[in-house]
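Got your viewer open and the cartoon view switched on? Here's a walk through one model, with a suggestion at each stop for what to select next.

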Amino acid sequence: MPDLPENAMRSEVAVESENAVRSEDGLPPREDSVLSVRRLAMTLTSRDGVSTEVTADVSLELGRREFVSIVGPSGSGKTTLLRAAAGLRRPTRGEVRFEGQPLADVVPGISVVFQEYNKSLFPWMSIGSNVAMGARRLPKEQRATRVEAALAEVGLTGFASRYPFELSGGMQQRAALARAMVSDPKVLMMDEPFASVDALTRGHLEDVVARLWEHSTCAALLVTHDVGEAVYLSDRVLVLSARPSRVLAEIAVGLPRPRTQRETRQTPRFAELSAEVLDYVEQAGRASGLGSPGAAPAAPG
C-alpha cells in the first residue's frame, strides 16, 4: 500500500488520540448519536447473477445536528451506503440504527434528496404539491403553512403554482430540498444533490443547504465527489477506501460557522483541509487502479 501523505498521518493520529476509548467496531461511543451504521457490508447482484462486494466493513456515527460528508473514489459504494443508511436497501451484513432502534425500512424521520432532481419531482404536480408530499403525514391544517415556509426558506416564494418544467435545474433542486425539509426530519441525507448544475448554481445551493441545516435541528449526511464541497459544508469528512470499501480516514473540519463561499474558501485552513481529504481520495483511487482525479486513463492490458 502507498505511504500515507504526511498531513493525512497527522489527521489519523489526531483522531486516534481524541477517541482513545472505542467500541469493538472501532467507533468512539456517542450519547448524541441519531444514526449508527455498524460493520455494514453490501453485496450487489446483477441481473446476470454476478455478485460484487461493494462495502466490506463500514461503521459510522452521526450525531444530532452534525453535518458529515462521505467522499471516495468512483465505485467505492458511497451511494449504496447512503441508501442502506436511509432504509432503502437491506444490508448484507451489519446493521443500521436510527435513534437507537434497528432500521429495516424507510422511516418518517429520515429525508433523502437524490442527484437527479428532474426525476425526483413529480412532473404532473405543481411545485407546491410536490413539496406538500413531504408533509403528507402532518395534520391537514398544518400542511399549507409548512409548505409556504419551506418554499420561502429556499427562495421559491411565489412559485408554488408553477410546474417543474417551468423552473431551472437549480430551482428544481431547491424545491426537492424544500420537500425534504418540510417535515422537519431528524436526518437529511443527500446523494450528490448538486452534480447536475453549473458551478455558480452549485455554490448557491451549498449555501442554501448550509442555511437550512443551521436553522433546523436535523443532522445531515452528504455523499459528494467534490472535496471542497465536503469541507465547506461539514463538521467531519469520511473518506471511503476502494471497493470493497471501509472508512479509510475521518477528518474533523473545525472551520467556524457561519461559512461563506468568498471568505471560507480563501482561508489557508480550508486549503489545508481540502488537500488532506484529496490526499486520501487519491490514495484510495490508486489502490483501485483509477489513479488521481483528472489523470489520464491507463492503457489497457
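**Stop one: a proline loop**

Start by selecting P258, which sits in the loop between β10 and α9 (261-264). Bear in mind as you look around that this is a predicted model. Now show the backbone atoms of R257 as well: a cis peptide bond joins R257 and P258, with omega at about 0°.

There's another one to visit. Go to P244, in the loop between β9 and β10 (245-252). The peptide bond leading from R243 into P244 is also cis, and its omega is near -5°. As background, most peptide bonds are trans.

**Stop two: the sheet**

Next, select the strands. Ten of them, or 10 strands if you're counting along, make an open sheet with mixed pairing. Trace the order across: β5-β4-β1-β2-β10-β9-β3-β8-β7-β6. The edges are β5 (101-102) and β6 (110-113), each of which pairs on one side only.

Zoom in on β1 (residues 33-45) and β2 (residues 51-63), which run antiparallel and are joined by nine bridges. To find one of these pairings, pick T45: its bridge partner in β2 is S51.

**Stop three: the helix on the sheet**

Keep the sheet on screen and add α2 (residues 78-85), which packs on it. The list of strands that α2 touches includes β1, β2, β3 (67-71), β4 (93-98) and β6. Also touched by α2 are β7 (187-191), β8 (219-223) and β9 (236-240). Compare directions and you'll find α2 at about 125° to β1.

Is α2 enclosed or open to the outside? Six of its eight residues are buried, so α2 is largely enclosed by the rest of the structure. To see them, select K78, T80, L81, L82, A84 and A85. Just step past the helix to G87, which follows α2 and has a positive phi, near 85°.

**Stop four: two unusual phi values**

Most residues other than glycine have a negative phi. With that in mind, what is the phi of R65? It is near 65°, a positive value in a residue other than glycine. You'll find R65 in the loop between β2 and β3, where R65 is partly exposed, with a relative accessible area of 35%.

Now jump to E99, in the loop between β4 and β5. E99 isn't a glycine either, yet its phi is positive, about 50°. With a relative accessible area of 33%, E99 counts as partly exposed.

**Stop five: a helix pair**

Finish with α6 and α7. First show α6 together with the sheet: α6 lies across β6 and β7, and runs at about 175° to β6.

Then bring in the partner helix. How do α6 (residues 169-181) and α7 (residues 199-214) pack? Their angle is about 15°, and the axes are 11 Å apart. Angles under 35 degrees count as roughly parallel, and α6 and α7 are therefore roughly parallel to each other. Their crossing is right-handed.

For the contact itself, select G170, Q173, R174, L177 and M181 on α6, then T201, H204, L205, V208, V209 and L212 on α7. Colour that set by residue type and you get six nonpolar, four polar and one charged. The spacing is worth a look too: an α-helix has 3.6 residues a turn, so residues three or four places apart point the same way.

Technical notes: Residues numbered from 1 in each chain as written. Predicted model: local features only at pLDDT ≥ 70, side-chain atom pairs only at ≥ 80, totals over all residues. Heavy atoms only, no water. Axes fitted to C-alpha atoms, helices over the stretch in contact; angles between N-to-C directions. Helix = DSSP H or I, 4+ residues; strand = E, 2+ residues; numbered from the N terminus. Parallel < 35°, antiparallel > 145°, perpendicular 65-115°, else oblique. Left-handed = near helix turned anticlockwise from the far one by under 90°. Contact = heavy atoms within 4.5 Å. Nonpolar A, V, L, I, M, F, W, Y, C, P; charged D, E, K, R; others polar. Pairing = 2+ DSSP bridges. Buried < 20%, exposed > 50% of the residue type's maximum accessible area, 1.4 Å probe, protein only.
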